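Hello,

Here is the structure I said I would pass on. Please open it first, then read my notes beside it.

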Amino acid sequence: MKETNFDLRISRQAGDPLELAIYGVKAVFRYCPPGTFLMGSPEDEKGREDGETQHEVTLTRGFWLLETPVTQALWMAVTGVNPSHFQDMDARPVEQVSWYDCNGFIRKLNANVAPDGMKFDLPTEAEWEYACRAGTTTRYNCGDALTESDANFNETFGGTTPVKSFAPNAWGFYDMYGNIWEWVSDWRRRAPSTKRVDPQGPKNGAYRVVRGGCWCNHADSCRSARRNSVYPSLSGYGYGFRLALRSLS
């Protein structure tokens with residue numbers, strides 16, 4: 001049954017929750033309001049790589065984003081299978097899913113359980129970084145250093161960890177760093193150097209973008225500005241995703 005118990009006209013603040021039951025699995029989304037932020041990294045940021053040119057981005061429409069990566073429990077509820085390598089906990093993120101797998105999952109949701117007037121989606125690359133930063137401009141949303149008490153990275157735990165194992169950012173998002181790389185909707189592009197409004201990325205390309213780093217990466221690969229790109233057919237055990245939810249109007 002589709003959810004109809006909330007009013008899209010209500011004014012919301014950053015981080016306000018929206019709870020849905022998707023095939024019986026609780027899914028909490030956090031609101032990201034329209035706003036402007038600096039995407040990318042300054043030239044003197046430690047660990048900076050090519051493709052992180054800092055530029056101003058304005059998002060004119062608010063959206064919701066799942067507060068955690070999609071879990072194995074949610075994936076199984078929708079698809080009936082679990083492709084993950086680290087399968088011992090339902091609370092762990094689903095992995096070994098390609099960009100195409102994620103979009104097939106989203107199509108099922110939109111056909112059957114999307115709330116009236118809304119659709120599920122992958123976030124754009126700009127939306128992902130906006131939510132990750134949650135108003136911050138430092139290397140990470142917790143400051144300029146990432147420690148093993150902040151995220152799952154650098155092979156410290158030997159694999160993925162249950163979602164919510166670490167503190168959320170200021171808008172209530174968990175696991176934005178480490179654990180699994182997260183697919184976004186964009187094809188890879190060169191970072192622009194001028195202002196952008198609601199960027200969607202190029203219309204075609206060879207590689208899709210993933211963000212956030214994973215459990216086996218070092219800290220520099222988990223920075224808010226860090227961009228990585230891989231073939232959309234790749235489905236290794238460091239790749240998962242996070243659902244966006246947006247209004248159709």
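**The sheet**

Strands S1 and S2 (residues 25-32) run antiparallel and are joined by six bridges. Strands and helices here are DSSP runs, numbered from the N terminus: a strand is E with at least two residues, a helix is H or I with at least four. Two strands pair if DSSP finds at least two bridges between them.

Some ground rules. This is a predicted model, so local features need pLDDT of at least 70 and side-chain atom pairs count only at pLDDT 80 or more, while totals for chains, interfaces and linings use all residues. Residues are numbered from 1 along each chain as its sequence is written, and side-chain values use heavy atoms, with hydrogens and water left out.

Back to the first pair. Glu19 has Val28 in S2 as its bridge partner. S1 and S2 form a hairpin with two residues between them. In that turn, Tyr23 has a positive phi of about 50 degrees.

Both strands belong to an open sheet of five strands. The order is S1-S2-S5-S12-S6, and the pairing is antiparallel. S1 (17-22) and S6 (118-121) are the edge strands, each pairing on one side only. From one strand to the next, the twist averages 30 degrees. Angles run from 0 to 180 degrees between N-to-C directions, and axes are lines fitted to C-alpha atoms, for helices over the stretch in contact.

Helix H2 (residues 99-112) packs on this sheet and touches S1 and S6. Contact means heavy atoms within 4.5 Å. The direction of H2 makes about 165 degrees with that of S6.

**Two faces**

In a regular strand the side chains alternate between the two faces of the sheet. Look at S1. Leu18, Leu20 and Ile22 make its covered face. Pro17, Glu19 and Ala21 make the uncovered one.

Which side chains of S6 are buried? Met118 and Phe120 are, and they point to one face. Lys119 and Asp121 point to the other and are not buried. Buried means under 20% relative accessible area, exposed means over 50%, and partly exposed is in between (1.4 Å probe, protein chains only).

S6 pairs with S12 (residues 244-247) in the antiparallel sense, over four bridges. Phe120 stands opposite Leu245. Lys119 has Arg246 as its bridge partner. Lys119 counts as partly exposed because its relative accessible area is 33%. The side chain of Lys119 also meets that of Asp121 in a salt bridge (4.0 Å, N to O).

**Salt bridges**

A salt bridge is a side-chain nitrogen of Lys or Arg within 4 Å of a carboxyl oxygen of Asp or Glu. By this rule the count comes to 17.

Start with Lys46 and Asp220, at 3.8 Å from N to O. Lys46 lies in the loop between S3 and S4, and Asp220 in the loop between S9 (208-211) and S10 (227-230), so the pair ties together parts that are 174 residues apart in sequence. Lys46 is exposed, at 56% relative accessible area. Asp220 is partly exposed, at 21%.

Now take Arg223 and Glu52. Their closest N and O atoms are 2.7 Å apart. This pair also links distant parts of the chain, 171 residues apart. Both residues are buried. Glu52 has a relative accessibility of 2%. Glu52 sits in the loop between S3 (35-39) and S4 (55-59). Leaving out residues up to four places away in sequence, Glu52 touches Gly40, Ser41, Ala191, Arg223, Ala225, Arg226 and Arg227.

There is also a network of salt bridges. It links Glu125, Glu129, Arg133, Arg211 and Arg227.

**Helix H3 and the loop after it**

How many residues of H3 are buried? Nine of its nine. Among them are Glu125, Trp128, Tyr130 and Arg133.

Most residues other than glycine have a negative phi. Here are some with a positive one. Ala134, just after H3, has a phi of about 50 degrees. Asn154 has a phi near 60 degrees. Lys164 has one of about 70 degrees. Asn154 is in the loop between H3 (125-133) and S7 (181-187). Lys164 lies in the loop between H3 and S7. Asn154 is partly exposed, at 44% relative accessibility. Lys164 is partly exposed, with a relative accessible area of 44%.

Best wishes
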